[in-house]
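Here is a short note for a colleague new to this structure. The points go from enclosed space to the ligand, then to the open pocket and some local details.

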Amino acid sequence: MSDDTAALRPETLAVHPPRVPVTGSTPLGVPLHQGHVFSFDSADAMADAFDSPGTFVYSRLGNPTVRTLEDAVARLEGGAAALSYASGMGAINGLLLGLLSAGDHLIAQRCLYGGTYALLTDLAARRGVGVTYVSGTDPEEVRRALRPETRLLYLETIANPTTRVCDLPALIAVAAEAGVPSAVDNTFASPLLCRPIEHGADVVIHSATKYLSGHADVLGGVAVFADAGLYDRIRHYAVEQGAVTDPFAAWLTLRGLQTMPLRVERQCATAADLAGRLAAHPAVATVRHPALAGHPDHAVARRLLPRGGGGVVSFDLAGGREAGRAFVEAVRLAALTASLGDVKTLVMHPASTSHRQLDAAALDAAGIGQGTVRMSVGVEHVDDLWADLEQALARTP
Ligand SMILES: *Cc1c(COP(=O)(O)O)cnc(C)c1O
C-alpha cells in the first residue's frame, strides 16, 4: 500500500493499519504469527511460493510460529524435520493415514495409548489395514509378525499406565532388517530422557499436550522424521488432512518447551523418590516406576533412559478397586484428571476411566489392577506431595 494515506477514508484506514517493522534488533521471545494468510508483491513471487516450503502462503500449508515449533522439536529429537498437529491423536492419524493403504499391515505394541488402540481397531475394521500386536519386550515376536505387506512397526517408549519400557533398539532392528520403518510414541519419556531416532526409529510422535508444553493450557501433537523423504510424503497428506496447529497453540507450546528439561528432570527425581516411599507403605501392594530395581524393565530402562525413568508412577492399592477410587478422591494437592506431564501432580484410576472397556481378565493381561492408581508427578516439593499421598492413604479403605 502506498504511503499516500491522506486521501483514504476511515473504512479503508481501519483495515490497513501501518506496519511497524522491527529493524536493528530481534524480539527475544518467539513472535506469534497468528495470521492465516500471507500477501505478495508480485504474481511471480506468489506462484513461486506455492512450490517453496520455505515461503509462507497459507497457514494450513505452513506458518512461521508453527514452523519454529516443528524445527525446535525436530532438533530436540535429532530428526531432519517435523510436522505439528492440532493434537497428539492428530499426529498419529496423520502418520498412519498418510502412510498406510488398504491391504497394508502394521505391527504394534499391545499396551498402547487408548486413542491409538481405538484408531488401529478402526483402521483394521473399516480400511482393510491388518494389525498384529506384540508385547514390546521380545524381538522374536516382531520377527514372527512380519509379513511382505508390513509397512510399519509402532511402539511406545514408556507404556501407560504400566510404565513398561520398550526395548526400542532390539525391536526396531528386527523391523529395519526387513526394510520396515518404525514409529515411536515418545510422549511419556520426552526428548530429554530418550531420543528414539538414536535407536533407529524413523518417526517419533509426541502428544505436545503433555511434557512438551507442560502447563495444562494447550493441545498439540508433533511427528518428527529421521529423514526428509518420509517427511515430504506425510507432509503432503498433512496439508490434505488439515489437522494443523493453530499458531497460538504452537506459541504456547514453544513457551512451555523452554522449561521442559528442567521440569522433566525434577519430575523424574520426585517420581523416583515417591515410588520408593510408596513401595514401603503398608497400604500399597505394588509400585511401578522404571527407576525401581524391581521393575520388570529396570535393565532396559537403565540403558534407554539413563537420565531418569519418567514422571509417571503407578501403584496398586492393597484394598483393590474401591481403595483406588477412594484414594483419587482423598488427595488434596494432586488433581484428579485424565492428563499427564503437567507442572501439577495429577492422579487417576485407570480401571474405572481410561481402561473401563477392559474386563477383569483383559485388565490383568494389560498389567493393570482394579486398584491401580496412575500418578503423573508435577514440580511441587516432594515432601508436600508425600504429605498429601500419606494423608490420602490413611483415609483409603
Ligand atoms: C495423550 C496421549 C496421546 C494423545 O494426545 P492428545 O494430545 O490428547 O491427542 C497419544 N499418546 C500418548 C502416549 C498420550 O499420553
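Which element gives the largest share of the lining of the largest cavity? Helix H9 does, with 4 residues. Keep in mind throughout that this is a predicted model.

1. **The cavity.** The count comes to 1 cavity of 30 Å³ or more. About 170 Å³ of space lies in the largest cavity. Its lining is made of 18 residues. Closest to the centre are Arg-60, Leu-61, Gly-62, Glu-70 and Val-244.

2. **What walls the cavity.** Three elements each supply at least two lining residues: helix H3 (64-77), strand E1 (81-85) and helix H9 (228-241). By class, the lining has 9 nonpolar, 5 polar and 4 charged residues.

3. **A salt bridge in H3.** Glu-70, one of the residues closest to the cavity centre, forms a salt bridge with Arg-67. Their closest N and O atoms are 3.3 Å apart. Both residues sit in helix H3. They are 3 residues apart, about one turn of the helix. Side chains of opposite charge can pair when their charged atoms come close. Across the whole structure, the search finds 12 salt bridges.

4. **The shell around the ligand.** How many residues surround the ligand? The number is 13. The closest are Gly-88, Met-89, Asp-185, Thr-209 and Lys-210. Helix H4 (residues 88-99) gives the most to this shell, with 3 residues. By class, the shell divides into 5 nonpolar, 6 polar and 2 charged residues.

5. **Polar contacts to the ligand.** Look at the oxygen atoms of the ligand. One lies 2.8 Å from a polar backbone atom of Met-89. For Lys-210, a polar side-chain atom is 2.8 Å from a ligand oxygen. Ser-87 also brings a polar side-chain atom to a ligand oxygen, at 3.5 Å. Taken alone, the ligand exposes 380 Å². The protein buries 92% of that area.

6. **The largest pocket.** What is the volume of the largest pocket? The value is about 710 Å³. The pocket is lined by 26 residues. Arg-110, Cys-111, Leu-112, Ala-365 and Ala-366 are the closest to its centre.

7. **What lines the pocket.** Helix H5 (114-127) and helix H14 (360-365) each supply at least two lining residues. H5 gives the largest share, 3 residues. The lining of the largest pocket divides into 12 nonpolar, 10 polar and 4 charged residues.

8. **A cis peptide bond.** Which two residues does a cis peptide bond join? They are Asn-160 and Pro-161, with omega about -10°. Pro-161 is placed in the loop between strand E4 (150-156) and helix H7 (168-177).

9. **A positive phi.** Thr-163 is also worth a look. Its phi is near 60°, a positive value in a residue other than glycine. Thr-163 is found in the loop between E4 and H7, the loop that holds Pro-161.

10. **Where to look again.** Three views cover this note. For the cavity, start at H9, which gives 4 residues to the lining. For the ligand, start at H4, which gives 3 residues to the shell. For the pocket, start at H5, which gives 3 residues to the lining.

Notes
Residues numbered from 1 in each chain as written. Predicted model: local features only at pLDDT ≥ 70, side-chain atom pairs only at ≥ 80, totals over all residues. Heavy atoms only, no water. 1 Å grid on protein atoms, 1.4 Å probe; cavity = no way out; pocket = protein on both sides within 12 Å on 5 of 7 lines; lining within 4 Å. Points joined across faces, edges and corners; volume = space filled by probe spheres on them. Nonpolar A, V, L, I, M, F, W, Y, C, P; charged D, E, K, R; others polar. Near = heavy atom within 4 Å. Polar contact = N/O pair within 3.5 Å; in protein donor to acceptor, adjacent residues only side chain to side chain. Areas by Shrake-Rupley, 256 points an atom, 1.4 Å probe, with all protein chains shown as cover. Salt bridge = Lys/Arg side-chain N within 4 Å of Asp/Glu carboxyl O.
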